[in-house]
Amino acid sequence: MIPRIQKRGKRTIGLLYYLYGPGKFEEHIDPHLVASWDNSAPDPGRDPNATLKQLQHLLDQPVENVDEADRPKKHVWHMSVRNDAADRILTDEEWGDIARRMVAAAGIEAPQEESGCRWAAVRHADDHIHIVATLVREDGYKPDLNFDAARVQAEARLLETKLGLRVLNKGDGTAAKRPTSAERHKAERQGRVRTAREELREAVRRAVAGAESEPEFFDRLAAAGLLIRRRIAPSGDLLGYTVALPGDHNKDGEPVFYPGSKLAPDLSLPRIRERWSATQQDPATPREVRAGAPSGPAWARRRAAAAAWQALLVIDHVDDHQVAAHIAATGEVLDALAKTSGAHTRKQLQEAAGAFERASRSHVRAERGHDRALRQAARDLVYGGPALGRGEDGATTAMVIDMVAFLVIAAANWHGRKNHAQQAAAAHQAAEHLRTAYQSAAQHPMAVLRHRGQCLSQPLQRRQAAHLHQGVPELAEQILAEPGWHALAATLADVEAAGHEPGALLAEAVARRELDTAESVSDVLIWRLRRLADLPADASAMPEPGTATPQSAGHPKRPATGRNTRPPKAR
């Protein structure tokens, strides 16, 4: 149940004409009263002898009874109460009870004083009602509407439980502003799936992901095709910015500009600058495009996977402000992944980034600087360019999605412990999208690894099973029964051929982070091992396991430190 208090107005009759009218798109059906301040107000919808003017006159009477100087400049209070599409259809009596409880919670009606404001609740659809009230009480005083929005939200949570409706999570005031009904209708008229506000929010998020300076940020906004206005102080200092979509005009044919703060609280220019304050690399030239620097989508994805892994190792052991910074930067990594993903994972990664946007903010202020590695990873992804679906690009995409999914789950758990209900739910939703994206990304590289594992000789398969029992004895039987065991066996053989002790590296991969949330333990261990051993994510170009290498031909093995001293080049 979503109660929404609208802007106050001056004309009661104008609002009544809208509520009892056909609607902008003929969507109003059978408008009628379900409740009123005295339960006997005239209903122009059902009573042929009642008129809108009669109802308006009765509603405005307390306002007209006070001196004009004492009247509120905007005396019309308006709230809509809407149920979720999946909720059952309520009766008029139930909606009437909801209306009475909502006006009492808001402070419009004061049942204990019997001197509240006059109000009426109109229903013109199955799933919602509108409440209109006038803001002078029967005794001539004005109602106490301080925190009315918070009070009606709290009442909605109680009503959801009482009526068996979908229970929404309690907000904390840090969510991005929702599109208005006018914006939604405008998007429908223009044939857009999303409103201009939503499209702009996503475009600005992507522009800020990994950005290190104002010029870079504004260059990215321009490259995205947005219209930009800068707000300049008389001193010449930049104070803020607004953005608009080309083709999105108001009634006068002018572009509709939105300030960053109206897109999301953390997209105002001062909040964006906080991200740059801890990044003091040379901002003039992106590090990734300097001469001789490594680049490419596969390299960027390996870097992002490593950054996500390091964040996972510390996120449960640092203070809340540092955790908030890691979570905010995780949102940037997701935005960058969605921007540079291949067609087979793009939709789910976009959905994951959009869902996690709500989880990236809370009242715990991020302590910037600790998120430097993740922000650099987002930057690497942006400048690494779009990834292909196959080869090392596709395999490293699966690797980084796997790592980031664990980081998103860790964020959900932290929000849950802090009672950030909306953020925790958003992070869990993002994790579900990441799981779906992972299935698409991992399909080919896992098929290659399974085939390699199935081609191992029986002695080699038994050898890898022994390594498994040595490294993770408590998980060995579970993993051996998983469909991904053969792929893990091939990876263990690759790890051994690269000069590592498979059992020791397995133990390291398991000990440093939980596996309880993994759908496939073998899949998770494959990517952790291939990253720790600096193995190519795509195994198709590697020699078959068992092929003679310097290590397997009698050379001593390097200790299992988690990294090779001479890592093979990514393929």
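**Exercise 1. Aromatic pairs**

How many aromatic pairs does a search of the whole structure find? Classify those that involve F218, and describe the surroundings of that ring.

*Solution.* Two conventions come first: this is a predicted model, in which local features need pLDDT of at least 70 and side-chain atom pairs count only at pLDDT 80 or more, while totals for chains, interfaces and linings use all residues. Residues are numbered from 1 along each chain as its sequence is written, and side-chain values use heavy atoms, with hydrogens and water left out.

Step 1. Rings of Phe, Tyr and Trp (the six-membered ring of Trp) pair if their centres lie within 6.5 Å; planes under 30 degrees apart count as stacked, over 60 as edge-to-face and the rest as tilted. By this criterion the search of the whole structure finds four aromatic pairs.

Step 2. For F217 and F218 the ring centres are 5.2 Å apart and the planes stand at 55 degrees, so this pair is tilted. F217 has a relative accessibility of 0% and counts as buried, where buried means under 20% relative accessible area, exposed over 50% and partly exposed in between, with a 1.4 Å probe and protein chains only. F218 is buried as well, with a relative accessible area of 3%.

Step 3. For F218 and Y241 the ring centres are 6.0 Å apart and the planes stand at 80 degrees, so this pair is edge-to-face. The pair links distant parts of the chain, since F218 belongs to helix α7 (residues 214-223) and Y241 to strand β7 (residues 238-244), 23 residues apart; helices (H or I, at least four residues) and strands (E, at least two) are DSSP runs, numbered from the N terminus.

Step 4. F217, F218, Y241 and W276 form one aromatic cluster. The charged end of R230 sits over the ring of F218, 4.2 Å from the ring centre, the rule being that NZ of Lys or CZ of Arg is within 6 Å of the ring centre and within 35 degrees of the ring normal. The charged end of R528 is likewise placed over the ring of F406, at 5.1 Å from its centre.

**Exercise 2. The buried side of a helix**

Determine which residues of helix α1 are buried, how they are arranged about the axis, and what covers them.

*Solution.* Step 1. Helix α1 spans residues 12-20, and its buried residues are T12, I13, L15, L16, L19 and Y20.

Step 2. These residues cover an arc of only 160 degrees around the axis, which puts them on the same side of α1; the arc is that of the directions from the helix axis to the C-beta atoms. An α-helix has 3.6 residues a turn, so residues three or four places apart point the same way.

Step 3. The cover over the buried residues of α1 includes β2 (32-36), α2 (52-64), β3 (76-82), β4 (119-123) and β5 (128-134).

**Exercise 3. A residue in strand β5**

Locate A133, state whether it is buried or exposed, and list its contacts beyond its sequence neighbours.

*Solution.* Step 1. A133 lies in strand β5 and is buried, with a relative accessible area of 0%.

Step 2. Once neighbours within four places in sequence are set aside, A133 is in contact (heavy atoms within 4.5 Å) with H75, V76, W77, I108, R118 and W119.

Step 3. A distance of 8.8 Å separates the C-alpha atoms of A133 and A121, which are twelve residues apart along the chain.

**Exercise 4. An open sheet**

Give the strand order and the edges of the sheet that contains β7.

*Solution.* Step 1. Three strands form an open sheet in the order β6-β7-β8, with antiparallel pairing; two strands pair if DSSP finds at least two bridges between them.

Step 2. The edge strands, β6 (227-232) and β8 (258-259), each pair on one side only.

Step 3. β6 and β7 pair in the antiparallel sense over six bridges, and the bridge partner of L227 in β7 is A244.

**Exercise 5. Positive phi**

Compare the settings of N419 and D534.

*Solution.* Step 1. Most residues other than glycine have a negative phi. N419, although not a glycine, has a positive phi of about 60 degrees, and phi of D534 is near 55 degrees.

Step 2. N419 lies in the loop between α14 (391-417) and α15 (421-454) and counts as exposed at 68% relative accessibility. D534 is found in the segment after α20 (521-532) and is buried, with a relative accessible area of 16%.
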